[in-house]
Amino acid sequence: MSGPPCCSNPPTLNPSGGAGHVDKVGGVDSYLTGSPHSKLAVLMVSDVFGYEVPNLRKLADKVAAAGYYVVVPDLLDGEPFNPQNSNRPLPVWLKYHGPDKGSEAAKPIIEALKSKGVSAIASVCFCWGAKVVVELAKSKLIQTAVLMHPSFISLDDIRGFERLRLKLLIARRMNYLNPFLPLEFTAFGLPSHIASATNPASLESHLTS
């Protein structure tokens with residue numbers, strides 16, 4: 001959801017899609033895929049269209065095939081953004097589904113994973129989910145963050161990060177991101193890796209490199 005073009009071509013949601021299944025983790029409905037016995041987990045946070053997006057679940061299944069236990073939570077309380085709902089344009093929808101609420105809802109999920117023996121958690125996010133993951137990282141609840149086409153974040157959001165692996169995939173044109181943010185990251189000295197949308201690195205390399 002890097003801008004209006006994304007909202008004008010929303011995905012068709014499929015609640016039964018994917019090779020995994022839906023269950024509650026930390027009290028939150030989540031799409032689960034991969035071995036629950038893995039000590040390495042990936043918390044995958046959606047954009048505004050939620051956890052029933054088919055391509056999101058396909059990506060989760062692909063990451064799970066590499067040996068990770070992947071959790072894709074519904075942090076939108078069953079109400080993904082619907083561009084066809086004229087009564088709730090995006091600015092109004094965001095008032096009820098702010099990333100701050102998403103990050104709070106994700107914390108019990110992380111605790112539940114740790115209680116089951118997970119030793120390390122990476123979080124992969126898309127657009128709206130970036131702010132959620134940033135807050136989790138600031139709280140030192142995750143070890144790695146991969147932000148894909150992040151929206152609504154600023155340099156101030158990531159000040160104070162310590163010993164965190166952070167990687168960014170940024171599109172050339174993003175309506176909800178300061179276009180000079182990558183330069184600010186570099187000036188700040190943050191060890192970030194930036195890939196353009198025309199030549200994106202694979203998700204697996206970002207998780208394992």
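Biologist: What makes β3 and β4 count as paired strands?

Modeller: In this predicted model, three bridges join strand β3, residues 40-45, to β4. Pairing asks for at least two bridges, so β3 and β4 qualify as a pair. These two strands run parallel, and one place to see it is V42, which stands opposite V70 in β4.

Biologist: How many bridges tie β2 to β4, and which way do those strands run?

Modeller: Strand β2, residues 28-33, is joined to β4 by four bridges, and the two run antiparallel. With at least two bridges as the requirement, β2 and β4 therefore count as a pair too. Look at L32: its bridge partner in β4 is V71.

Biologist: Why is β4 described as largely enclosed?

Modeller: Strand β4 covers residues 69-73, and five of its five residues are buried, so the rest of the structure largely encloses it. Buried here means under 20% relative accessible area. In a regular strand, side chains alternate between the two faces of the sheet. In β4 both faces are covered: Y69, V71 and P73 are buried on one side, and V70 and V72 on the other.

Biologist: What handedness does the unit made by β3, α2 and β4 have?

Modeller: β3, helix α2 (residues 54-65) and β4 form a right-handed β-α-β unit. The name means that, with the strands pointing away from you, the path from the first strand over the helix to the second runs clockwise. You can turn the model that way and follow the path yourself.

Biologist: Let's go to the rings. Why is the pair of F49 and F81 called tilted?

Modeller: There are two aromatic pairs in the structure. In the F49 and F81 pair, the centres are 6.3 Å apart and the planes make an angle of 40°. Ring centres must lie within 6.5 Å, and 6.3 Å passes; an angle of 40° is neither under 30 degrees nor over 60, so the pair is tilted. This pair links distant parts of the chain, with F49 in the loop between β3 and α2 and F81 in the loop between β4 and α3, 32 residues apart. Both F49 and F81 are buried.

Biologist: And what makes the pair of F81 and W93 edge-to-face?

Modeller: Here the ring centres are 5.9 Å apart and the planes stand at 65°, so the pair is edge-to-face. The cut-off for that label is over 60 degrees. F81 sits in the loop between β4 and α3, while W93 belongs to helix α3, twelve residues away. W93 is buried, as is F81. Taken together, ring pairs link F49, F81 and W93 into a cluster.

Biologist: How do you know that R88 lies over the face of Y96?

Modeller: R88 is 4.0 Å from the ring centre of Y96 and lies over its face. The limit is 6 Å, so the distance test is met. R57 gives another example, lying over the face of Y51 at 5.1 Å from the ring centre.

Biologist: Is S103 buried or exposed, and how do you know?

Modeller: S103 has a relative accessible area of 4%, and the cut-off for buried is under 20%, so S103 is buried. S103 is found in helix α4, residues 99-115. Setting aside neighbours within four places in sequence, its contacts are V132, E135 and L136.

Biologist: Why is helix α5 called largely enclosed?

Modeller: Seven of the ten residues in α5, residues 129-138, are buried, so the rest of the structure largely encloses the helix. Among the buried ones are V132 and L136, which are also contacts of S103. After α5 comes K140, with a positive phi near 60°.

Biologist: Last one: what holds β5 and β6 together as a pair, and what shows that β6 is enclosed?

Modeller: Five bridges join β5 (residues 120-126) to β6, and the strands run parallel. The requirement is at least two bridges, so β5 and β6 count as a pair. S123, for instance, has A145 of β6 as its bridge partner. From β5 the chain crosses through α5 to β6, in a right-handed β-α-β crossover. As for enclosure, five of the five residues of β6, residues 144-148, are buried, so the strand is largely enclosed by the rest of the structure. T144, V146 and M148 point one way and A145 and L147 the other, and all are buried.

How values were computed:
Residues are numbered from 1 along each chain as its sequence is written. This is a predicted model: local features need pLDDT of at least 70, side-chain atom pairs count only at pLDDT 80 or more; totals for chains, interfaces and linings use all residues. Side-chain values use heavy atoms; hydrogens and water are left out. Buried means under 20% relative accessible area, exposed over 50%, partly exposed in between (1.4 Å probe, protein chains only). Rings of Phe, Tyr and Trp (its six-membered ring) pair if their centres lie within 6.5 Å; planes under 30 degrees apart count as stacked, over 60 as edge-to-face and the rest as tilted. A charge sits over a ring if NZ of Lys or CZ of Arg is within 6 Å of the ring centre and within 35 degrees of the ring normal. Contact means heavy atoms within 4.5 Å.
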